[in-house]
Amino acid sequence: MLTNAPRGTKDVLPNQIDNWIFIENKIRNICKRYGYEEIRTPIFEHTELFQRGIGEGTDVVDKEMYTFQDRGGRSITLRPENTASVVRAYLQNKLFADKSLVKLFYTGSMFRYDRPQAGRLRQFHQFGVEALGEENPAVDAEVIILAVDFLKSLGLNDLKLKINTVGCPKCRPVYRQKLQHFFSDKLDELCQDCQTRFNKNPLRILDCKTDSNKEFMADAPKIKDCLCDDCREHFLKVQELLNAADVDFVVDERLVRGLDYYTKTAFEIQYQPLGAQSAVAGGGRYDGLIEEIGGSPTPAVGFAAGIERILVALDLQGLTHSTDNKLDAFIVAVGSEAEIFAFNLMIKLRREGFNVAMNFAKRSMKAQMKQAGKSNAQYALIIGDDEVKNDVVTLKNLSNSEQETVNVEKLLNTLNKQS
């Protein structure tokens, strides 16, 4: 039906927008304190960017992307995530030329063809940060702490930070081989998706929602036994820095994240009351992505947080917000001359910073006064033929019904004094 939004999309209505503004203000506040600058990327990109960046064989690329041909025959994809787009912008605009560490943040719509459910839509919104150009594990720790501090600044409790390392191109092939050897005689017991992952990306079997609770998973090889010295030292340093900052965390050896570009650090922050869909933010290091897309080898780390899922968490905890939309004044005008006089006055008052409204439906004074009472206004400004003639208004306090006649020239001062 034309009157229904496409499945998996949702209108943000006026009575909901204050929660979005609250979150967006928190985002800008914390990113400013941490030294991250805002970037805005196109809502669609060349499909190859995500195929190479995210990785073919991932669920995102194989099952979830909105891809189409434009009128020039080019394959275009609505962005399913924004890290690849930020990296593309970083390279195209040579952001690396001015400083060695570039710190960026973004908010915006992403698109994935997924099964809609609470906190998960086909058009959804993310807040994310990307720190590009530095391999020091202190940057990993900073990004993780920013994510934790942001969620705590919203008032959320029951947050659980999980971290892991997924190795690097030097040690991950060793781990990959051990996983394939372990799962080779268990293929029939794996779900269809994991049977496909066995050859393409066996690490993803570890966090499969279908297979993760099967008994044999407890005996799967651990990546910590395969790490090279560099990855081991990097991960230990990240933990040391988080401990120094009094950030609670647990090491989850099955945490691998869903995108191929992660190297070394991976992390996820869960809001426990959400249950199965508890992840509200996650990310990690991706030292190979920039080179994969066409740049020089460049270390980088970042995360993304789902706005819709955060909104569900805020609602569960009773932390929804609304702005005070109280009017300073509601103008009641009776008569054609009074309406013009009132309209002009309303515009003047708005330009002076007052929140003012009036009726446009030519109702009786009684009906307009009733509307003024329902408008949550502090004052009613009553204007009729006598007021127009004498350049005055009748100012009525709607809380105590006291009223006085005020010269229009002095009205601003009167409102300021009594507001």
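This is a tour of a predicted model, going from its open sheets to a surface patch and a single glutamate. Residues are numbered from 1 along each chain as its sequence is written, and side-chain values use heavy atoms, with hydrogens and water left out. Because the model is predicted, local features need pLDDT of at least 70 and side-chain atom pairs count only at pLDDT 80 or more, while totals for chains, interfaces and linings use all residues.

**The sheet of eight strands**

Begin by selecting the 8 strands that form an open sheet in the order β1-β5-β6-β11-β10-β9-β7-β8, with mixed pairing. Helices (H or I, at least four residues) and strands (E, at least two) are DSSP runs numbered from the N terminus, and two strands pair if DSSP finds at least two bridges between them. At the edges you will find β1 (37–38) and β8 (250–251), each with a single partner strand, so one side of each is left without a neighbour in the sheet. Next, show β1 together with strand β5 (residues 102–111), which pair in the parallel sense over 2 bridges, and look for Glu 38, which stands opposite Phe 105 in β5.

Then add helix α8 (residues 229–244), which lies across β7 (159–165), β8, β9 (263–271) and β10 (279–285) and runs at about 160 degrees to β7. Such angles run from 0 to 180 degrees between N-to-C directions, the axes being lines fitted to C-alpha atoms, for helices over the stretch in contact, where contact means heavy atoms within 4.5 Å.

**The sheet of five strands**

Move on to the 5 strands that form an open sheet in the order β13-β12-β14-β15-β16, again with mixed pairing. Here β13 (356–358) and β16 (403–407) stand at the edges, each with a single partner strand, so one side of each is left without a neighbour in the sheet. The twist averages 30 degrees from one strand to the next.

Select strand β15 (residues 392–397) with β16 to see antiparallel pairing over 5 bridges, in which Lys 396 stands opposite Gln 403. Two helices can now be added: α11 (residues 336–351) lies across β12 (329–333), β13, β14 (379–383) and β15, running at about 160 degrees to β13. Helix α12 (residues 365–374) packs on the sheet and touches β12, β14 and β15, its direction making about 175 degrees with that of β12.

**Strands around β4**

Now select strand β4 (residues 75–78), which pairs in the antiparallel sense with strand β2 (residues 44–46) over 3 bridges; His 46 stands opposite Ile 76 in β4. Strand β3 (residues 66–69) also pairs with β4 in the antiparallel sense, over 4 bridges, and the partner of Thr 67 in β4 is Thr 77. Between the strands of the β3 and β4 hairpin there are 5 residues, and Gly 73 in this hairpin takes a positive phi near 80 degrees.

**Glu 291**

For the last stop, select Glu 291 in helix α9 (residues 289–293). Is this residue buried, partly exposed or exposed? Glu 291 has a relative accessible area of 45% and is partly exposed, a class that lies between buried (under 20%) and exposed (over 50%), with a 1.4 Å probe and protein chains only. Leaving aside residues up to four places away in sequence, Glu 291 touches Ser 296 and Pro 297. Measuring out to Met 217, C-alpha to C-alpha, gives a separation of 34 Å in space, with the two positions 74 residues apart in sequence numbering.
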